[in-house]
Amino acid sequence: MSVIDKVLGKITPLPPEQARTEATANARAIASHGGWLWQVLDHHDEIRARFAACHAAESAEARVVAMKELAVILNAHAMAEEVVLYPALAQAGDKMHAGHAYHEQTAAKMQMAEWENIAPSTPEWKDKLKHIEGAVLTHMYEEESSWFLHLKDKADRQDRLADRYREEFERCGGGPSTDRGDRSPAAGPASTPMSPID
C-alpha cells in the first residue's frame, strides 16, 4: 500500500459494518421497487459480492478474472451515476456532494488502473484490493446514508431517472440491469481472463 493510500485511509476511515448495513436497509426501505435507487442498491450488492470474490480468489489467474469482473460492474455503475444521478443531485440543490462524488469516483478509477499493474501473486495486490474496497464501501455508504436519500426526496421525474440510469448502465457494459428483488448477486458477465502480471 502506498503512502498516499495510507494517508487517505486515515482521513476517510471506513464506517463500521453495522452502520453500513443499516444505511443500506434504510435506503432499501424507501426505494421504489425497480426505481433508480433500487437499481443502485442492487448494483452496490453486486459490487460487494465482487469484492468478496476478489478476496476469495487464490491463484493469480483467478485473481485477475475476479478483478476484471469487479471492474465491469464498478465501471458501468460509476458511469451511470456520473451521467445521470450526480447531475440530478446537483440540480436538486446538492452541488457540493455531487462534486465530491465525482472526485471520489475519479480517484477509484485511478486506483483500479494502478491495481491492474500489480502482480496478482504478490501481497501488494491484496493490499491494493483492501484499499480500493475501503474507498468504494465508504463512497457507497455516503450515497446510501445521505446523498441519494436527498435525491430521492428532492428530485423531479423519478421515473425518468430510473430509465436513464438503466440505459447508461447497460450502455457502459454492465449488461441488462435487472430488478433483483431478492437482492442476491446476479451472475456477472463472462470475462476473458487476462494474463497474470508476474
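Here are legends for four close-up views of this predicted model.

**View 1. Helix 2 and its buried face.** Helix 2 runs over residues 17-30. Its 14 residues reach 20 Å from the first C-alpha to the last, close to the 20 Å expected at 1.5 Å a residue. Arg20, Ala23, Thr24, Ala27 and Arg28 are the buried ones here. Looking down the axis, these buried residues fall within an arc of 130°, so they line one face of the helix. Flip to the face turned away from that side and you get exposed Gln18, Asn26 and Ala29. As for what covers the buried residues, helix 3 (36-56) and helix 6 (123-154) are included.

**View 2. Arg28, a charged residue tucked into helix 2.** Arg28 counts as buried because its relative accessible area is 8%, under the 20% cut-off. Its side chain makes a polar contact with the side chain of Asp42 at 3.1 Å. Arg28 also lies over the face of Trp38, 4.4 Å from the ring centre.

**View 3. Trp36 meets Phe148.** This is one of four aromatic pairs. The ring centres of Trp36 and Phe148 sit 5.4 Å apart with planes at 90°, so call it edge-to-face. Trp36 belongs to helix 3 and Phe148 to helix 6, so the pair ties together parts 112 residues apart in sequence. Trp36 is buried at 1% relative accessible area, and Phe148 is buried at 1% too.

**View 4. Tyr86 and the ring cluster.** Tyr86 and Phe148 make a tilted pair, 6.4 Å centre to centre with 35° between the planes. This pair links helix 4 (residues 60-91), home of Tyr86, to Phe148 in helix 6, 62 residues away. Tyr86 is buried, at 0% relative accessibility. Ring pairs join Trp36, Tyr86, Tyr102 and Phe148 into a cluster.

Note on methods. Residues numbered from 1 in each chain as written. Predicted model: local features only at pLDDT ≥ 70, side-chain atom pairs only at ≥ 80, totals over all residues. Heavy atoms only, no water. Helix = DSSP H or I, 4+ residues; strand = E, 2+ residues; numbered from the N terminus. Buried < 20%, exposed > 50% of the residue type's maximum accessible area, 1.4 Å probe, protein only. Polar contact = N/O pair within 3.5 Å; in protein donor to acceptor, adjacent residues only side chain to side chain. Expected span 1.5 Å × (residues − 1). Arc of directions from axis to C-beta. Contact = heavy atoms within 4.5 Å. Phe/Tyr/Trp six-rings, centres within 6.5 Å; stacked < 30°, edge-to-face > 60°. Lys NZ or Arg CZ within 6 Å of the ring centre and 35° of its normal.
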